[in-house]
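Visitor: Please take me through the interior of this protein, with a close look at the largest cavity. Which residues line the largest cavity?

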Amino acid sequence: MPAVDKLRLEEALQDSPQTRSLLSVFEEDAGTLTDYTNQLLQAMQRVYGAQNEMCLATQQLSKQLLAYEKQNFALGKGDEEMISTLQYFSKVVDELNVLHTELAKQLADTMVLPIVQFREKDLTEVSTLKDLFGLASNEHDVSMAKYSRLPKKRENEKLKAEVAKEVASARRKQHLSSLQYYCALNALQYRKRVAMMEPMLGYTRSQIKFFKKGAEMFSKKMDSFLSSVSDMVHSVQEELDTEAEAMRVSQQDLLSGNESVYTPDFDVASPVINRNLIQKAGYLNLRNKTGLVTTTWDRLYFFTQGGNLMCQPRGAVAGGLIQDLDNCSVMAVDCEDRRYCFQITTPTGKPGITLQAESKKEYEEWICAINNISRQIYLTDNPEAVAIKLNQTALQAVTPVTSFGKKQEHLYPSQDVKNMEILNDRMVPKESAPIQDSAELIAPGTPIQFDIMLPAMEFLDQNRGGRRTNPFGESEDGQKEDEDSLLQQMFVVRFLGSMAVKSDQTVEVIYEAMRQVLAARAIHNIFRMTESHFLVTSHDLKLIDPQTQVTRASFELVSVTQFAAHQDNKRLLGFVVCDAESPGEHSKSAYVFESNTESEKICYAISLGKEIIEARKDPEALAQLLSSMPLTNDGKFMLLNDQSEEDATVHGDGQEESEA
């Protein structure tokens, strides 16, 4: 006999879409078996009815043969030979009627009764357990939805404990009903074999017994065959008994586990988090907008496959693509007063989907797994080792390097070739000071500020008198200053952190600040960053809110003493600002950013701005600088034009408005 397919009881608690999909196959099999059993029973009942009709017919025939003697025929009355012959036939028919009656009784007991019992007992039990499992599953979904709606800010421990207890009770009830349902479906695979073969075995034996009494019509070979079939049925019955005992023991072991498996977020105080995952699967709540201000949260099963985030609704055969994770970023967000929410952002900076995890452990592991996948670690030969190494190194950025599509390099006009030559001349590194020890650059234990800039709305609330700045010369109070600026160049950056430094004599202090800021973000699992427009002018550096155009921070260009891009990660930028706190005393701070474009371009813009400041002191030097650099129509410096399409478009629009 071929192996019997079975549902794994260990997967009943997880209740994954794969298990539900396999369960649907068993349910479809049970439905097909039910339909077939009803049709088979109808056919057997017809045979039994025909046998009963045969008994009545033979009985009626015997009576009619005896009644021949009593008939008053007009001709041939008193034919004694005919009467005696018919009486003999009546006796034979009576003997056959006894055999048919016995056959009908045997068919009822050995053919019809087993199939009726199988339908009324086994198939009805499976149908009842299916309904109970559906009710328990719905009750669990309702309790999980209630638990997911628990507020985060105004957390009520008593309410949380009650809801968690309700979730645990519903989950245990679902687990118990699923185990019973799975056991019944597994047992059905054995019982259906017995149920199909046992009635036919009884039918065949009854017929053979019937014919043996009438005549020797069947050979011993048939007896041997029926004996082997009987042995096989007995063997299947023994296997069923063994499997039923094993399932009973397994069910007891699964139900005797720790109650914590039913309680969500039971280890919130000290969860054990694996930060080196490159694959992750589990249930998450997906936020969907249903209107202008209304949203819904759907609990779906998510899993990663390569560099893709897949979603598989319950009951679906396969999952569908939700988000391409390559070069995406992920960060924690506050959303509708729900706990454990995070958002996936596309490589272009556009907000993607918002998800909610069930517990703190799942929340942190999902963020780490998506962060690892976005770096395309899964494409390496040993992804696990690479993930461990990248999470241990301090130079790895918190979010993956965004892969904005670079335009293909075209042939530059002669003036652009000149620009490239000037860029190469100006970016020649100066002789660096001897490499100092990290303690000489930054004091050990120096605190790191991860959010130096206030959000735009908070800035407006706290500084009602603050001025709004347009990065292209359309500010109100500072319009004259921006118009006098010979340099205006805007970039998109994200602030990573800042910290006080001891020295500004070498760019090594910037590299050390980058290392410590990124290491602190990785260690403390800080993913949130603020995006700003970074405006470089010939007077200062400004960080501008991209939505409200409010200046978040401003640094005088003369106070910028060092600036550099990271040697390996070309999108990391840092600079050192020296401010005078009191006469004779200066404070030095290093600021670290991540740019959408190559950081060398920003460094070139800052270098050009500082040269303009120096050239203003000498009219001849300023004239020489103006003659050596290309200018726009309004007399400002023209920088390289191979920036990201987004920056070039914004900058061009701003210049047109300024000229107007």
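Guide: What follows covers the cavity and then the nonpolar cores. The model is a predicted one. Its protein chain has 660 residues, of which 45% count as buried, and is made up of 14 helices and 15 strands, leaving aside whatever lies outside these elements.

Four cavities of 30 Å³ or more are counted, and the largest cavity has a volume of about 100 Å³. Its lining consists of Met144, Tyr147, Ser148, Tyr283, Leu284, Asn285, Arg299, Arg339, Tyr340, Gln356, Ala357 and Glu358. Two elements, α2 (80-148) and β1 (281-289), each give two or more residues to this lining. By class, six lining residues are nonpolar, three are polar and three are charged.

The helix α2 also takes part in the largest nonpolar core, to which α1 (17-66), α2, α3 (157-214) and α4 (220-255) each supply at least two residues. That core has 35 residues, and Phe118 and Leu185 touch the most other members. Leaving out residues up to four places away in sequence, Leu185 is in contact with Leu7, Leu23, Phe26, Ala30 and Val126. Separate from this core is a second one of 28 residues, with Leu487, Val493, Ala565 and Val577 among them. In soluble globular proteins, nonpolar side chains tend to be buried together.

For the chain as a whole, among contacts with a separation of 6 or more, 69% are between residues 24 or more positions apart. The exposed area is about 35300 Å², with 53% of it supplied by carbon and sulfur atoms.

Technical notes:
Residues numbered from 1 in each chain as written. Predicted model: local features only at pLDDT ≥ 70, side-chain atom pairs only at ≥ 80, totals over all residues. Heavy atoms only, no water. Helix = DSSP H or I, 4+ residues; strand = E, 2+ residues; numbered from the N terminus. Buried < 20%, exposed > 50% of the residue type's maximum accessible area, 1.4 Å probe, protein only. Contact = heavy atoms within 4.5 Å. Areas by Shrake-Rupley, 256 points an atom, 1.4 Å probe, with all protein chains shown as cover. 1 Å grid on protein atoms, 1.4 Å probe; cavity = no way out; pocket = protein on both sides within 12 Å on 5 of 7 lines; lining within 4 Å. Points joined across faces, edges and corners; volume = space filled by probe spheres on them. Nonpolar A, V, L, I, M, F, W, Y, C, P; charged D, E, K, R; others polar. Core = buried A, V, L, I, M, F, W, Y, C linked by side-chain atoms within 4.5 Å.
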